[in-house]
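Colleague: Hi! I'm new to this one, so could you walk me through it? Please show me the structure first.
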Amino acid sequence: MATIFDKIIAREIPADIVFEDEHVLAFRDINPQAPVHVLFIPKRPVATLNELQPGDEIVVGRLAMAAAAYAKREGFAENGYRVVMNCNADGGQTVFHIHLHLLAGRAMHWPPG
């Protein structure tokens, strides 16, 4: 079954896209939890971190590299930002297509919740 992220990748529903390459798509979260809240997703669907296979290190690496490049490009890398990946229901995952949340624009607190 297609997720909302699959539909965004296919351009079936709109999103405020801020980054795209052949492997990764990034767009602003529609329910932001910080002044900057961008989701980085692989174009190849993987439901959860648990489904990653040997050799998929590159998938998560591409998400992290894209998020770091975006933070630098937008000028908040030096002040700091948070990246979060949720896994399954108790971990807070609501869309079952792995994704990295980039949160910035305010001081982050710990524990996150």
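Colleague: Which residue in S5 does His37 stand opposite?

Modeller: His37 stands opposite Leu103 in S5. Keep in mind that this is a predicted model.

Colleague: And in what sense do S3 and S5 pair, parallel or antiparallel?

Modeller: Antiparallel: strand S3, residues 36-42, pairs with S5 over 5 bridges.

Colleague: What about S4 and S5, how many bridges there?

Modeller: Strand S4, residues 82-84, is joined to S5 by 3 bridges, in the antiparallel sense. Within that pairing, Val83 has Leu102 as its bridge partner in S5.

Colleague: Is S5 mostly covered or mostly open, then?

Modeller: Mostly covered: S5 spans residues 100-104, and 5 of its 5 residues are buried.

Colleague: Which way do those side chains point?

Modeller: Leu100, Leu102 and Ala104 point one way, while His101 and Leu103 point the other way. That fits a general pattern, since side chains in a regular strand alternate between the two faces of the sheet.

Colleague: Changing topic, what order do the elements come in?

Modeller: Starting at the N terminus, the order is α-β-β-β-α-β-β. The radius of gyration is 14 Å, close to the 13 Å from the globule rule for 113 residues, so the protein is as compact as a globular protein of that length.

Colleague: How much of the protein is buried?

Modeller: Of its 113 residues, 35% count as buried. The protein exposes about 6900 Å², with carbon and sulfur atoms supplying 55% of that area.

Colleague: Last one: how far apart are the mean positions of the positive and negative charges?

Modeller: They are 4 Å apart, taken over 10 positive and 13 negative charges.

Terms used: Residues numbered from 1 in each chain as written. Predicted model: local features only at pLDDT ≥ 70, side-chain atom pairs only at ≥ 80, totals over all residues. Heavy atoms only, no water. Helix = DSSP H or I, 4+ residues; strand = E, 2+ residues; numbered from the N terminus. Rg over C-alpha atoms; globule rule 2.2 N^0.38 Å. Buried < 20%, exposed > 50% of the residue type's maximum accessible area, 1.4 Å probe, protein only. Areas by Shrake-Rupley, 256 points an atom, 1.4 Å probe, with all protein chains shown as cover. Lys, Arg positive; Asp, Glu negative; His and termini not counted. Charge placed at Lys NZ, Arg CZ, Asp CG, Glu CD. Pairing = 2+ DSSP bridges.
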